[in-house]
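Q: Please take a close look at one part of this model and describe its side-chain contacts and surface exposure in a connected account.

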Amino acid sequence: MASRRPARVPEGLRDLADGHPDPALLPGLVPPSRLSPGVRSHRSAPRLARLEEAVRD
C-alpha cells in the first residue's frame, strides 16, 4: 500500500514533484492594472509583415 505522505527530501535538495515553485525564486510580477493596454494581448505585439505573408501562403 502506497503512503500518502510526501517523501522526505534530503537537506540541500528541493522537491520538485508537487509542481509548486518556491515563490522566492520567481520574478516579481507587475499587477495587470499597471500594464499598458498593448501588453495585455499577444495580438497587439509588433507584427512582422514578411512573417505574416509566409503564414498566409
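A: In this predicted model, Leu 48, Leu 51 and Val 55 make a nonpolar surface patch of about 330 Å². Leu 48 belongs to the segment that precedes helix α1, which spans 49–56. The relative accessibility of Leu 48 is 56%, so this residue counts as exposed, the cut-off for that class being over 50%.

A salt bridge is also found in this part of the chain: Glu 52 pairs with Arg 56, and their closest N and O atoms are 3.6 Å apart. That separation satisfies the criterion because a side-chain nitrogen of Arg has to lie within 4 Å of a carboxyl oxygen of Glu. By this rule, the count is 1 salt bridge. Both partners sit in helix α1, and because they are 4 residues apart there, about one helical turn separates Glu 52 from Arg 56.

The two partners may also be described by their accessibility. Glu 52 has a relative accessible area of 26% and is therefore partly exposed, whereas Arg 56, with a relative accessible area of 63%, is exposed.

The setting of this part is given by the chain totals. The chain contains 1 helix and 0 strands. Of its 57 residues, buried ones make up 0%, where buried means under 20% relative accessible area. The chain exposes about 6,300 Å², and 57% of that area is supplied by carbon and sulfur atoms.

Definitions and conventions: Residues are numbered from 1 along each chain as its sequence is written. This is a predicted model: local features need pLDDT of at least 70, side-chain atom pairs count only at pLDDT 80 or more; totals for chains, interfaces and linings use all residues. Side-chain values use heavy atoms; hydrogens and water are left out. Patches are made of residues with over 30% relative accessible area and no salt bridge: like charges are joined within 9 Å, nonpolar side chains (Val, Leu, Ile, Met, Phe, Trp, Tyr) within 5 Å. Accessible areas come from the Shrake-Rupley method with a 1.4 Å probe; for residues, only the protein chains shown count as cover. Helices (H or I, at least four residues) and strands (E, at least two) are DSSP runs, numbered from the N terminus. Buried means under 20% relative accessible area, exposed over 50%, partly exposed in between (1.4 Å probe, protein chains only).
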